[in-house]
Amino acid sequence: VQKDDIIYRRQRRSAISCDSNCYWPKSSDGLVNVPVNISTVFCKAQIAEAMQEFTTLTCIHFVNRTTETSYINVEPGQSCWSFFGKIGGKQTVSLMANDCMNKGSIQHELNHALGFIHEQARSDRDNYVQIRWEYVIPRERGNFEKMNSNNLGLPYDYSSVMHYSAYDFSSTPREATIVPIPDSSVPIGQRDGLSNLDVVKINKLYNCNICSTVLPNPNGTFSSANYPYLYSNNSRCLWLIRIPQNKVYLQFEALDLQRSPDCASDYIRIYDGISRNSNVLLDKSCGMGPLPAVVTSRNTMLVEFVSDEAVAATGFLASYSQGKYG
């Protein structure tokens, strides 16, 4: 049954929940490989970029379908929708060329296919948003029904790509259908990319052993775990900086990593983009600072920190901002 942009396999939508058969299986290497076929109608690079954030930050890897019988088929349609979770066989993710081709909207539909509902449909949503039913278009009321959801013990996420915006399906101009509480000014419904909690939820639901963080604000600071105390051994952590616009400017306030020949043991590496396949801005660096400031060519940067089995240093503290150098 379809009441919004999700097709459910059961009739009682309010009781939807995934069991093990609803999730895509994990391989022996710890990855969840989801086969995908993309219609030639689309610019595949645009969809691939949306999928890349999953690959970088989670154990979900969208891979080109070859002979797999269960796979996602991304195809053009008259609306944007997806099946809920893995259904087996060929399952459609429908994208509308002029409506949902930005990165966050593509990720929204892919998240449905992974088994995620809308954020404002969570069982505890009434603690965080008010649904103004009087302004909801009557035929769209199904979009706002609350569900008996598995919230994974994680906070409500106003910034999730799975959250509707304030005025979605409103029957009356300038009247919101969803109002955050207690602070009605909180932004909701972004489609810039996966939020940090989106990533945390995917990794928790699929038991991904991934250390990754999204930094979406125009500026901020971050550090290795336990800084300024000794960092963990045998770790690999990623920070995806995705600012709203302009280039990312990064500088290290402090750096203390175990020194080794060619920085083979512990190191920081910085990429110009959202993937470890992106151009390298700063190759393996270790020891004690300082390091040069780094500037990207666009609004995303990926910072990678790796440590081996021996810990002998306190790590790093870095800050980033937008708008410098163009």
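The paragraphs below lead from the whole protein to its sheet, its helices and the positions annotated in its record.

The structure shown above is a predicted model, and a sensible way to begin is with its overall dimensions. The protein contains 3 helices and 18 strands. Its radius of gyration is 21 Å, close to the 20 Å that the globule rule gives for 326 residues, so the protein is as compact as a globular protein of that length. If one follows the C-alpha trace along its principal axes, the spans come to about 65 × 50 × 35 Å. Of the 326 residues, 53% are buried, and the surface that the protein exposes amounts to about 15,000 Å², with carbon and sulfur atoms supplying 47% of it. The contacts also tell us how the chain is folded back on itself in sequence terms: among contacts between residues at least 6 apart in sequence, 75% join residues that are at least 24 apart.

We can now turn to one sheet in particular. Strands of a sheet pair through backbone hydrogen bonds, and this pairing may be either parallel or antiparallel. Here, an open sheet is built from 6 strands in the order β1-β5-β6-β4-β2-β3, and its pairing is mixed. Which strands stand at the edges of this sheet? They are β1, residues 6-7, and β3, residues 60-64, and because each has a single partner strand, one side of each is left without a neighbour in the sheet. Against the sheet packs helix α1, which covers residues 44-57 and touches β2, β3, β4 and β6, while its direction makes about 150° with that of β3.

Several of the pairings can be traced residue by residue. Starting from the β3 edge, β2 and β3 pair in the parallel sense over 5 bridges, and within this pairing the bridge partner of V34 is F62 in β3. Strand β2, residues 32-38, pairs in turn with strand β4, residues 71-76, in the parallel sense and over 3 bridges. In that pairing N37 stands opposite N73 of β4, and I38 has V74 of β4 as its bridge partner. Strand β2 is mostly covered, since 5 of its 7 residues are buried. One step further along the sheet, β4 and β6 pair in the parallel sense over 6 bridges, with Y71 having K90 of β6 as its bridge partner.

The next element to consider is helix α2, which runs through residues 103-114 and includes H108. In an unreviewed entry, UniProt lists H108, H112 and H118 under "binding site", and the annotation "active site", likewise from an unreviewed entry, covers E109. Both H112 and E109 also lie in helix α2. An α-helix has 3.6 residues a turn, so residues three or four places apart point the same way.

Are these annotated helix residues, beginning with H108, buried or exposed? Residues count as buried when their relative accessible area is under 20%. H108 has a relative accessible area of 3% and is therefore buried, H112 is buried at 0% relative accessibility, and E109 is buried with a relative accessible area of 3%. Their contacts show what lies around them, once neighbours up to four places away in sequence are left out. H108 touches D5, H118, V161, M162, Y164 and R191. H112 touches D5, I6, S82, F83, F84, G85, I117, H118 and M162. E109 is in contact with D5, C80, W81, S82, V93 and L95. D5 thus appears among the contacts of H108, H112 and E109, and H118, which the record lists along with H108 and H112, is touched by H108 and by H112.

The last helix to visit is α3, residues 196-205, whose buried residues are D198, V199, K201, I202, N203 and L205. What covers these buried residues includes α1, β3, α2 and β9, the last of which spans residues 211-215. Helix α3 can therefore be linked to parts of the structure already described, because its cover includes the helices α1 and α2 as well as the strand β3, which stands at an edge of the sheet. Just after α3, N207 takes a positive phi of about 50°.

Key: Residues are numbered from 1 along each chain as its sequence is written. This is a predicted model: local features need pLDDT of at least 70, side-chain atom pairs count only at pLDDT 80 or more; totals for chains, interfaces and linings use all residues. Side-chain values use heavy atoms; hydrogens and water are left out. UniProt positions are given in the numbering used here, feature names are shortened, and annotations may be inferred rather than shown by experiment. Helices (H or I, at least four residues) and strands (E, at least two) are DSSP runs, numbered from the N terminus. Buried means under 20% relative accessible area, exposed over 50%, partly exposed in between (1.4 Å probe, protein chains only). Contact means heavy atoms within 4.5 Å. Two strands pair if DSSP finds at least two bridges between them. Axes are lines fitted to C-alpha atoms, for helices over the stretch in contact, and angles run from 0 to 180 degrees between N-to-C directions. The radius of gyration is taken over C-alpha atoms; the globule rule is 2.2 Å times the number of residues to the power 0.38. Accessible areas come from the Shrake-Rupley method with a 1.4 Å probe; for residues, only the protein chains shown count as cover.
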